[in-house]
Amino acid sequence: MKKGIFNIKSGLELCLFLSLLAFSACDEDDKDIPEIIGEVPTVKSLSPSQDLRPGDLITITGTLLDQVKQLRIGSSYLLGSDDFEASSSATSLVFALPAKAPAGEVYLVSASQTIPNVLAGSVTLVKPMISEVSPLVVDVATNVVIEGADLDLVSTISIGDVILTDLILNETNTEIQATCPENIKGGVLVLTMANNDEIEFGTPLTLYVPPILPEIASVSDGFLGGTITITGSNLDMVTSVSFGEGNEVSDFVSQTAFKLEVLVPASASTGDVTITLDSENGAVESPAFNILGIDPAQYVFFDFDSKNLGWKDLGDVISDAELSVDGSKFYEVNATVDGNWTTYFADNTAGRLNLEGVSADGYAVKMDINVINISSGIVLKFRLGSYWYVWNIGDAYSASGTDGWTTVYFPLNQFKDDNGNGTALTTAALNDASLVNEWALTAGWNGGDVHVRIDNVGFDVMPE
C-alpha cells in the first residue's frame, strides 16, 4: 500500500485519531457560545407599529412575556417593567410609547443574562411637518410663525444653534410661534422632538441687517437765507434736506461724509425746528435746533468794526487777526484796576439794538471772550439801561483763564434794576426805550489785574 501523510498502521489507531479530531473541533466551536439556561420568550405580534405618537398603547403578544423586565427601543432606549401597563400578562405585554423613545426595532430583555434578547418588531413615529415659515428675515424679538402638522410634537425650535423662546401652539397643532432671543443669528430653522429627532426647514433664515443711514451728530443754529452746518457720518448719502412741506433742498453748499452745509429756505419755519435728511436707504430726523427770522449778526450791537463803541474809559479796540476770534477787530483790556467805577465800553446809538423776537425769557446777551488773566474776586457788570447783570468773572476764571476764546451768556431775566439788586428785566421793559437807552460793560467792584479780550456782543437764544 502506498503511504499518505499520516502513517496509521491499524484500525484501532484510526478510531483513536478520529476521536481526537472530533473532540478538538467541538471544544473550539463551543467555547464562546453562552449556555442558555431557562425558557426564551416568544413573540407572535407587535401592534400597532406604524405612525405612532407619544402615549400610544402598544401590545406585544406571545409567550413567557411575564419574564420580560425591560424593552429596548432602537439602539439604547430602555423601558422598565414599571412602565408596563397593569393589564400585561405572560401572553400580552402592553406599554405606552414614551415621548423620548426613538423609532426602530423593539427587543424583549429578560432578567437573566443567560436568555438572549428577543426581537419583537419595529416601530415608526409621526414627525412634525413644516409647510411654511414666516418671516424669513429675523431680528431680536421677532415672532417666528411656523405652519404645518403635528406641531405638538415639537420640544424646541432653533435657528442655527440658538434656541427660540416663548413657544405658543394653536389648538389644532397646525401652527406654532416662537420668539427670537437677543443672541439670535441666521441659519437653518430646526424643530427638535423630545427624542432628539430633528426636522429642518429647507430655506435658511437670515438675520436682519439695518440699512446704512446718515447719522446726525449736530446741527448749527441758523436763520432764514443763511447756512446751517450738519455734522455726523454718512452725510455723503444725503440726497435732499427737508425743512418742512414744500421746503426741500437738494443743492447743497458743500457735502462730505462728515459735514453738510445747507442754505435755509426763506419760507422755512422759525424757532425750534427739526429737519429731515433723505437718502436712498431711508430718512432720518435731526435733533431740534433754532432758526431765526433774520441773520444773528443783526442782533450784535458791539462788533468793534461797523458796530463800534460810543465811548470808553478803559481798554482799546485791537486789530490783530491772529489774536482775534474770527479775524476781525476786538476789544482788549489789559490793566490793573482799583475797583472804582469805570466804563470799559458803552454806546447809546438809536436803533442799534435789534429786538425783533427777543424776549426776556429764553434770550441772553452773548459775547465771545478770551480771559488771559484775571484776579480773584473781580466783578464786572453789563448794563442794559436801568438793568444790570452782575458778572463774577474773577471767581470764574482766576485759576487759569479761558485757555482761548469761549462764549458766555448773560440771561436777560437775570438783569435787574437798582444796580443789579432789584426787579428782574421783562420783555416789556426791554422794549421800552426810556428804560433801555444805553448798553455797556462797566466795573463792578474789587481791584486787581484784568487782561481780557471781548468781541461779538449781542442778543441770542439762551442755550438749554
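In this predicted model, Glu-438 and Arg-383 form a salt bridge. Their closest N and O atoms are 3.0 Å apart. Glu-438 lies in the loop between α4 (427-430) and β37 (439-445). Arg-383 belongs to strand β34, which covers residues 379-384. The two parts are 55 residues apart in sequence, so the pair ties them together. The partners differ in burial class: Glu-438 counts as buried, at 17% relative accessibility, whereas Arg-383 is partly exposed, at 21%. The cut-off for buried is under 20% relative accessible area, so Glu-438 falls within that class. Arg-383 does not, because its 21% is not under 20%.

A salt bridge also links the side chains of Asp-150 and Arg-53. Here the N to O distance is 2.8 Å. Both residues sit in loops. Asp-150 is found between β10 (143-149) and β11 (154-159). Arg-53 is found between β1 (42-47) and β2 (57-63). The pair therefore ties together parts that are 97 residues apart in sequence. Asp-150 is partly exposed, with a relative accessible area of 28%. Arg-53 is partly exposed too, with a value of 24%. This pair belongs to a network: salt bridges that share partners join Arg-53, Asp-150 and Asp-152.

Another salt bridge brings together the side chains of Asp-316 and Lys-312. The N to O distance in this pair is 3.4 Å. Asp-316 counts as partly exposed, at 43% relative accessibility. Lys-312 is also partly exposed, at 36%. Both values lie between the 20% and 50% limits, so neither residue is classed as buried or exposed. In total, the model contains nine salt bridges. Among them are the pairs Glu-438 with Arg-383, Asp-150 with Arg-53, and Asp-316 with Lys-312.

Attention turns next to a single strand residue. Thr-192 lies in strand β15, which spans residues 189-193. Thr-192 is buried, with a relative accessible area of 11%. This value is under the 20% cut-off, so the residue is classed as buried. Neighbours within four places in sequence are left aside in listing its contacts. Thr-192 then contacts Leu-153, Val-154, Ser-155 and Thr-156, among others. Asp-197 and Glu-198 are also in contact with Thr-192.

Key: Residues are numbered from 1 along each chain as its sequence is written. This is a predicted model: local features need pLDDT of at least 70, side-chain atom pairs count only at pLDDT 80 or more; totals for chains, interfaces and linings use all residues. Side-chain values use heavy atoms; hydrogens and water are left out. A salt bridge is a side-chain nitrogen of Lys or Arg within 4 Å of a carboxyl oxygen of Asp or Glu. Helices (H or I, at least four residues) and strands (E, at least two) are DSSP runs, numbered from the N terminus. Buried means under 20% relative accessible area, exposed over 50%, partly exposed in between (1.4 Å probe, protein chains only). Contact means heavy atoms within 4.5 Å.
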